[in-house]
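Student: I have a structure to study, and I should like to understand the terms used to describe it. May we go through them together?

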Amino acid sequence: MATLTIPPVLSSPRDDAMHLYKAFKGLGCDTSAVINILAHRDSAQRALIANEYKVMYSEDLTKRLSSELSGNVKKAVLLWMPDPARRDAIILRDALTTDIDLKAATEVICSRTPTQLQHLKQLYHALHGTYLEHAIQAQASGDLEQLLLAYLSTPRSEGFEVDRTMVDHDAKALYKAGEKRLGTDEKTFRVIFSGRSRAHLAAVSSAYHSMYGRELKKVVKSETSGNFEHALVTILQCAENPGKYFAKVLRKAMKGIGTADKTLIRVIVTRTEIDMQYIKAEYHKKHHKSLNDAVHSETSGHYRTFLLSLLGPNHH
């Protein structure tokens, strides 16, 4: 009996490199072909493709993409190419030195795990020859600066175990530092939010609610303001439900007149290989419309095609 040969679902990195080269050749770039390949390759595959491309054509794939593409699709594809830690280092460098955006820098730092942050700090230094901490000190000040620096340097557990006594102790300390007194003791918020694990903070949040009848997030919002408030809320929401947090960031980017494309690109590209399915589910739950539909109505052309390819099938 003849054996059934199953064609490979994915072409090899070498085939991909050849197809990309073909797409660049001739008049104009076949952007659809480029998107079709790159949007459906994971981080490791993209690195292999870039390697093969360099070996075969003696040129840097990213540089070639940069000269062949333009506009938002170029920004999105170039951000998609590197691995997550390198990508974060690129985003932070931009947000802290070029197009100053403390909100974006805060979002990236406060939503990453301790392991991701360690890797990011090393890469930031390797790529830029300066320390991420120094870049933060140059741009941020006061409570925000102290919180970000503490968040980057404090080792936190990534496990799920929590110590109930510690949890109750922290909930009481936050009550004393905020609601119970006139003014706010920011230091207590900084120490607890930068020093505790996600599981612990989520437990503090629910303990706070059962002890004092208020949501900890609302307390943070009424006790603090500006970028410091944004940092605390990001840490808290990413401890409780990162999918919900990013669904909200995306919603804000698309609401009202015009679209904050930089935010849209940053969030979709950075979360695609982490928790996009959860973000899509949370978005749909809250807005009764799919994230894909929202992105579709806010974008157009190759840019739209690329982002929708990253989001994947439109499941409700």
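The dialogue below takes several descriptive terms and sets each one against its definition.

Tutor: Please bear in mind that this is a predicted model. Let us begin with helix packing.

Student: Why is α5 called roughly parallel to α20?

Tutor: The axes of α5, residues 71–80, and α20, residues 301–311, cross at roughly 30°. Angles under 35 degrees count as roughly parallel, and therefore α5 is roughly parallel to α20. The two axes come within 8 Å, and the crossing is left-handed.

Student: Which residues make the contact of α5 with α20?

Tutor: From α5 they are N72, V73, A76, V77 and W80, and from α20 they are H302, Y303, F306, L307 and L310. By class, this contact has 8 nonpolar, 2 polar and no charged residues.

Student: What makes N72 and H302 polar in that count?

Tutor: Asp, Glu, Lys and Arg count as charged, and neither Asn nor His is listed there or among the nonpolar residues, so both fall into the polar class.

Student: How do you know that α17 is roughly parallel to α20?

Tutor: Helix α17, residues 261–271, packs against α20 at an angle of about 30°, with the axes 10 Å apart. The limit for roughly parallel is under 35 degrees, so α17 meets it with respect to α20. The crossing of α17 and α20 is left-handed.

Student: What makes up the contact of α17 with α20?

Tutor: D261, L264, I265, I268 and V269 of α17 meet Y303, L307, L310 and L311 of α20. The classes are 8 nonpolar, no polar and 1 charged. Asp counts as charged, and D261 belongs to this contact.

Student: Why is A202 called partly exposed?

Tutor: A202 has a relative accessible area of 22%. Buried means under 20% and exposed means over 50%, with partly exposed in between, so A202 is partly exposed. A202 is found in α13, residues 198–212, and touches A239 and E240, leaving aside residues up to four places away in sequence.

Student: Which residues have the most contacts inside the largest nonpolar core?

Tutor: They are L65, L92, I136, F193, I268, L291 and F306, in a core of 90 residues. Helix α15, residues 226–240, supplies the largest share, 8 residues.

Student: What does L65 touch?

Tutor: Beyond residues up to four places away in sequence, L65 touches F24, V34, L38, V77, L78 and M81. V77 also takes part in the contact of α5 with α20.

Terms used: Residues are numbered from 1 along each chain as its sequence is written. This is a predicted model: local features need pLDDT of at least 70, side-chain atom pairs count only at pLDDT 80 or more; totals for chains, interfaces and linings use all residues. Side-chain values use heavy atoms; hydrogens and water are left out. Axes are lines fitted to C-alpha atoms, for helices over the stretch in contact, and angles run from 0 to 180 degrees between N-to-C directions. Helices (H or I, at least four residues) and strands (E, at least two) are DSSP runs, numbered from the N terminus. Angles under 35 degrees count as roughly parallel, over 145 as roughly antiparallel, 65 to 115 as roughly perpendicular and the rest as oblique. A crossing is left-handed if the near helix is turned anticlockwise from the far one by less than a right angle, and right-handed if clockwise. Contact means heavy atoms within 4.5 Å. A nonpolar core is a set of buried Ala, Val, Leu, Ile, Met, Phe, Trp, Tyr and Cys residues joined through side-chain atoms within 4.5 Å. Buried means under 20% relative accessible area, exposed over 50%, partly exposed in between (1.4 Å probe, protein chains only).
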